[in-house]
Amino acid sequence: MRLLAAVLGVATLSTLTATTACWPIHHGPLAPQLLIAGLILTAGISAGLPACLPWLSPEQEHPRMPHTLPTLLTHPPRRRLGHQALVLNHDGAILLVATAYKTGLQLPGGSAEANELPHHAARRHTETETGLALPLRHILATDYVPAQRLPEGINFVYWGGHLTPTQEDIVARHRPPATITAVHWLHPHQLPGAMTPDQHRRTTHALTALTRGIHLPFLLRGTPAE
């Protein structure tokens, strides 16, 4: 619509300009030539306007989203998102929980609910299971789990920090829900016999990343999460 208005406007203006310039000398010998030149100028400008479309139409800089999105975006595959916390005490022992529905010990955590921010899910599960309200803002490891009894999933391990004596006392006094049967503090060399192989590998990689100072900030639309 904007382009059509520009074409009509320029054509009309050019015609009027040419006519006005020729009118005083319409009896002169050059009047027909000037009129023809004006008409040619009008036609040339009108034909060249499509080349100006990027300047006339700002939408070209920010193309609109297509009306039909790919099916993979509108109907993504079902995946579970797990969020766990790696927490150490003053002695370097790792905080682990035993559950009534899984074999072996694991890091505190669980799945996110619909529309729940991932790091909020990690905080919620950690606090429910251990009594600790921790600012989980950095990721130490991500672990993909293929579909077996449950749909495929991706697990994130957040850095929960070294606890103070007061925080350790909170864990000792906390009464977790019935799904948590026990809470343990284990050192890294004790993990192989207490955890399933995949949980052990995940925790070991998170510990290695922590030792090397390698961790990623968790972002929300490009901004560090609070």
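**Exercise 1. Is arginine 124 buried, partly exposed or exposed, going by its relative accessibility?**

Start with the number: this is a predicted model, and in it arginine 124 has 28% relative accessibility. Now bring in the cut-offs: buried means under 20% and exposed means over 50%. Arginine 124 therefore counts as partly exposed.

**Exercise 2. Work out which acidic side chains arginine 124 pairs with, and where the partners sit.**

Step one: look at glutamate 113. Its side chain meets that of arginine 124 in a salt bridge, at 4.0 Å from N to O. The two come from distant parts of the chain: arginine 124 is in helix H5 (residues 118-130), while glutamate 113 lies in the loop between strand S3 (109-111) and H5, eleven residues apart.

Step two: check glutamate 116. This residue also forms a salt bridge with arginine 124, and here the closest N and O atoms are 2.7 Å apart.

Step three: sort the two glutamates by accessibility. Glutamate 113, at 51%, counts as exposed, whereas glutamate 116, at 19%, counts as buried.

**Exercise 3. The structure holds four salt bridges. Take the one between arginine 202 and aspartate 143 and describe it.**

First, the distance: the closest N and O atoms of arginine 202 and aspartate 143 are 2.8 Å apart. Next, the location: arginine 202 belongs to helix H7 (residues 197-212) and aspartate 143 to strand S4 (residues 138-145), so this pair links parts of the chain that are 59 residues apart. Then the burial: arginine 202 counts as buried at 6% relative accessibility, and aspartate 143 counts as partly exposed at 22%.

Finally, back to shared partners: Glu113, Glu116 and Arg124 are joined into one network by salt bridges.

**Exercise 4. Which residues have the most contacts inside the largest nonpolar core, and which elements supply it?**

Begin with the general idea: in soluble globular proteins, nonpolar side chains tend to be buried together.

Here, the largest nonpolar core has 17 residues, and Leu86, Ile94, Leu96, Leu105 and Leu191 have the most contacts inside it. Strands S1 (80-88), S2 (94-99), S4 and S5 (153-162), along with helix H7, each supply at least two residues. S2 gives the most, with three.

Now zoom in on leucine 191. Leaving out residues up to four places away in sequence, leucine 191 touches Ile94, Leu96, Leu186, His200, Thr203 and Leu207.

One last check: a second, separate core has 14 residues, among them Val87, Leu95, Tyr158 and Leu163.

Notes
Residues are numbered from 1 along each chain as its sequence is written. This is a predicted model: local features need pLDDT of at least 70, side-chain atom pairs count only at pLDDT 80 or more; totals for chains, interfaces and linings use all residues. Side-chain values use heavy atoms; hydrogens and water are left out. Helices (H or I, at least four residues) and strands (E, at least two) are DSSP runs, numbered from the N terminus. Buried means under 20% relative accessible area, exposed over 50%, partly exposed in between (1.4 Å probe, protein chains only). A nonpolar core is a set of buried Ala, Val, Leu, Ile, Met, Phe, Trp, Tyr and Cys residues joined through side-chain atoms within 4.5 Å. Contact means heavy atoms within 4.5 Å.
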